[in-house]
Structures are given as C-alpha cells and as structure tokens.
Amino acid sequence: MNKVIIDNLTMERTIRRLSYEIIEKHQDLEEIVIIGIQNKGVKLAEIIRDNIYHIEGIQVGFGQLDISTYRDDINKPTDSSINKTLVKVDIDNKFVIFVDDVLYTGRTIRAAMDAIIDLGRPCAIELCVLVDRGHRQLPIKADYIGKNIPTSKDEKILVELTDFSDNDKISIITV
C-alpha cells in the first residue's frame, strides 16, 4: 500500500523553511559547507544551496558524499570506482551541514561522519533532513527537520524529489 502524505507544494515550502532555518542559525554563511549524502540527499542539498543563494546572494560551499564504503550495516562494494564523493571545498574549521532525505536508524549519518573526517576537520557537523521517521539505533539527532513522520518498522518512507513537479511527493509504503 502506498499512501501519499506530503505533496509537491508542501515539500517545496518545507525545503524553503529549512533553508531559512540554516540562514538564521549561521551569521556567516561563507563558513558553511552543505554536503548532500548520496543519493537523494544530493538533490535536496542542491535545492537548499540554491535557495540560500536566491535569498541571501551568497554561494555557500557544496559537496556530495558517498558513504557506501563506510556503512557497517550493508555489504560493502568491492569496486572503489563507484565512490561518488565530490567535495572540492576546504572543510577544515567550517560548519559542515549534512543533508539527507530520511533519518531513520542513524547509521547513514554515522558513516557520513566517518567519511567527512577522512576529508578534513570541520569545526562542527550539523544535520538537515527532510523527514525524521524515528527508530534510532544510534544517538543521532537532526538540527533541521522538515517533517517528523512517525512510522512503524514495517513501513518505509519514499521520497520522490526532482524539481517540484507534480510527481514530487513523500509517501509511506507498507512493506
């Protein structure tokens, strides 16, 4: 069963609000680096980065992070060429803001922290998620949350995000 819980207009408003929250918290936007976590976190991070630029006229640092080789809960790929990490900005002494679509157990974010430390030493790491669905296995908490959507363990959150077309939505799927 597939139940749409957030439509494209609500999603667009939610992401705009997240962008404003980041702006309000950081006086010096040039000191932040927004890092999208592969796959859907990258698109969300791009939208937030673009929103910040349109609101404040400041181009913040940006990157994308593939954490697959840092996961402890899935089989690791053997081909290192599939790694899609692309962080061309210096993260040392910067505020790194991880962006992902759904926060669930916390294992993705733990892996992202391991991966980013291999690239430099940020002064702080923050987390921005579109959906927090609960069921944490690690003590991870988001700093910016689009929507809290409590789920059961036999449900899954599906985020479909492109460019705010009519097809963009967030659904709950019973597995």
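Biologist: What pattern of helices and strands does the protein follow when read along the sequence?

Modeller: Keep in mind that this is a predicted model. The protein has three helices and nine strands to place in a row. Reading along the sequence, you get β-α-β-α-β-β-β-α-β-β-β-β.

Biologist: In what order do the strands of the open sheet of six sit?

Modeller: Start from the edges, β4 (86-87) and β7 (144-148), each of which pairs on one side only. The pairing within this open sheet is mixed. Going across, the order is β4-β3-β2-β5-β6-β7.

Biologist: Do β5 and β6 pair in the parallel or the antiparallel sense, and which residue in β6 is the bridge partner of D100?

Modeller: Strands of a sheet pair through backbone hydrogen bonds, and both directions are possible. Here β5 (residues 95-103) and β6 (residues 124-132) are linked by eight bridges in the parallel sense. For D100, the bridge partner in β6 is V129.

Biologist: Which strands does β9 pair with?

Modeller: Strand β9 covers residues 169-174, and four bridges join it to β1 (residues 2-6), running antiparallel. In that pairing, K3 has I172 as its bridge partner. Six bridges also join β9 to β8 (residues 155-160), again antiparallel, with V159 standing opposite I170. So the strands you want are β1 and β8.

Biologist: Why do the buried residues of α3 lie on the same side of the helix?

Modeller: An α-helix has 3.6 residues a turn, so residues three or four places apart point the same way. In α3, the buried ones are T108, I109, A111, A112, A115 and I116. They share a side because, around the axis, they cover an arc of only 155°.

Biologist: And which strands do those buried residues of α3 pack against?

Modeller: Helix α3 (residues 107-117) lies across a group of strands, running at about 150° to β5. Its buried residues pack against β2, β3, β5 and β6.

Biologist: What about α1: at what angle does this helix run to β7?

Modeller: Helix α1 takes up residues 8-25. It lies across β2 (32-37), β5, β6 and β7. Its angle to β7 is about 155°.

Biologist: How far apart in space are Y20 and R136, C-alpha to C-alpha?

Modeller: Y20 is found in helix α1, and it is partly exposed, with a relative accessible area of 38%. In sequence, Y20 and R136 are 116 residues apart. In space, the C-alpha to C-alpha distance is 26 Å.

Biologist: How many disulfides are there?

Modeller: A disulfide is a covalent bond between the sulfur atoms of two cysteines, and the cut-off used here is sulfur atoms within 2.5 Å. For C123, the nearest cysteine sulfur is that of C128, 17 Å away. The count therefore comes to zero disulfides.

Biologist: Of C123 and C128, which one is buried?

Modeller: To count as buried, a residue needs a relative accessible area under 20%. C123 has 43%, so this cysteine is partly exposed. The other cysteine has 0%, so the buried one is C128.

Biologist: What radius of gyration does the protein have?

Modeller: Its C-alpha trace spans about 45 × 40 × 30 Å along the principal axes. With 175 residues, a compact globule would have a radius of gyration near 16 Å. The protein agrees with that, at 16 Å.

How values were computed: Residues are numbered from 1 along each chain as its sequence is written. This is a predicted model: local features need pLDDT of at least 70, side-chain atom pairs count only at pLDDT 80 or more; totals for chains, interfaces and linings use all residues. Side-chain values use heavy atoms; hydrogens and water are left out. Two strands pair if DSSP finds at least two bridges between them. Helices (H or I, at least four residues) and strands (E, at least two) are DSSP runs, numbered from the N terminus. Contact means heavy atoms within 4.5 Å. Axes are lines fitted to C-alpha atoms, for helices over the stretch in contact, and angles run from 0 to 180 degrees between N-to-C directions. Buried means under 20% relative accessible area, exposed over 50%, partly exposed in between (1.4 Å probe, protein chains only). The arc is that of the directions from the helix axis to the C-beta atoms. The radius of gyration is taken over C-alpha atoms; the globule rule is 2.2 Å times the number of residues to the power 0.38.
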